[in-house]
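Thanks, everyone. Let me put the model up, and then we'll walk through it piece by piece.

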Amino acid sequence: MPDVIDKIALDSERKELLKRIQHTLDKIRPYIQADGGDCELVGFDDGTVIISMTGACQGCGIIDITLNDGIKAILMDEVPEVKDVKMLEPDPYTEFTPYY
């Protein structure tokens, strides 16, 4: 994920913040991957982390619980600058979505 951080980091302070966000996501990812899904950092803007949910997460009925009660709660607890977490919606016409 360093490529994503390099693309969206404008200065060293923002780069450090993005590294802390990525580090926290890396601690969460094994639990999501155990169920066949994954999450990736896409961006950060004005306190909002934008992530992409892939794999089995796409079309899953409890993705909102995973996002809000899991990822969002942990990120807000460990990175004080994070105020919200949003999911980048996949385009069902260009990506394989096994549950649609």
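Start with contact range. In the protein chain, among contacts with a separation of 6 or more, 50% come from residues 24 or more positions apart. Keep in mind that this is a predicted model.

Now the inventory. The protein chain holds three helices and three strands. Read from the N terminus, the order is α-α-β-β-α-β. The chain has 100 residues, and 38% of them count as buried. The accessible surface is about 6,200 Å². Carbon and sulfur atoms hold 52% of that surface.

Next, the sheet. In what order do the three strands sit? The order is S1-S2-S3, in an open sheet with mixed pairing. S1 and S3 are the edge strands, each pairing on one side only. On average, neighbouring strands are turned by 30° against each other, direction ignored.

In general, strands in a sheet pair through backbone hydrogen bonds, and the sense is either parallel or antiparallel. This sheet has mixed pairing, so let's take the two pairs in turn.

First pair. S1 and S2 run antiparallel, joined by eight bridges. To get the register, look at Asp38: it stands opposite Thr54 in S2. The two strands form a hairpin, with two residues between them. Asp46 sits in that loop between S1 and S2.

Pause on Asp46. Its phi is positive, about 50°, although Asp46 is not a glycine. Is Asp46 buried or exposed? Asp46 is exposed, because its relative accessible area is 73%, and the exposed class begins over 50%.

Second pair. S2 covers residues 48-55, S3 covers residues 84-88, and they pair in the parallel sense over five bridges. Here Thr48 stands opposite Asp84 in S3. How does the chain get from S2 to S3? It crosses through helix H3, residues 63-78, and this β-α-β crossover is right-handed.

Now the helix packing. Which strands does H3 touch? H3 packs on the sheet and touches S1, S2 and S3. The direction of H3 makes about 140° with that of S3. H2 also packs on the sheet, touching S1 and S2. The direction of H2 makes about 160° with that of S1.

On to the core. The largest nonpolar core has 21 residues. Which residues have the most contacts inside it? They are Ile21, Val49, Ile51, Met53 and Ile71. Several elements give two or more residues to this core: H2 (12-33), S1 (37-45), S2, H3 and S3. H2 provides the largest share, six residues.

Two methionines deserve a look. Take Met53 first, from that list of residues with the most core contacts. What does Met53 touch, leaving aside its neighbours within four places in sequence? Its contacts are Ile32, Asp38, Cys39, Gln58, Ile63, Thr66, Ile71 and Met87. Note Asp38 in that list. We met Asp38 a moment ago, opposite Thr54 in S2.

Then Met87, which is found in strand S3. Met87 counts as buried, because its relative accessibility is 18% and the cut-off is under 20%. Not counting residues up to four places away in sequence, Met87 touches Ile51, Met53, Ile63 and Leu67. Ile51 and Met53 are among the residues with the most contacts in the core. If you want a distance to check, use Met87 and Val49. They are 38 residues apart along the chain, and their C-alpha atoms are separated by 8.4 Å.

One last residue, Gln33. Where is Gln33 found? Gln33 lies in helix H2. At 38% relative accessibility, Gln33 counts as partly exposed, because that value falls between the 20% and 50% cut-offs. A second distance to check involves Gln33 and Cys57. These two are 24 residues apart along the chain, with C-alpha atoms separated by 9.4 Å.

To recap: an open three-stranded sheet in the order S1-S2-S3. H2 packs on the sheet, and H3 packs on the sheet too. The S2-to-S3 crossover through H3 is right-handed. The largest nonpolar core has 21 residues. That's the walk-through. Over to you.

Key. Residues numbered from 1 in each chain as written. Predicted model: local features only at pLDDT ≥ 70, side-chain atom pairs only at ≥ 80, totals over all residues. Heavy atoms only, no water. Pairing = 2+ DSSP bridges. Helix = DSSP H or I, 4+ residues; strand = E, 2+ residues; numbered from the N terminus. Right-handed = clockwise from strand over helix to strand, strands pointing away. Core = buried A, V, L, I, M, F, W, Y, C linked by side-chain atoms within 4.5 Å. Buried < 20%, exposed > 50% of the residue type's maximum accessible area, 1.4 Å probe, protein only. Contact = heavy atoms within 4.5 Å. Axes fitted to C-alpha atoms, helices over the stretch in contact; angles between N-to-C directions. Areas by Shrake-Rupley, 256 points an atom, 1.4 Å probe, with all protein chains shown as cover.
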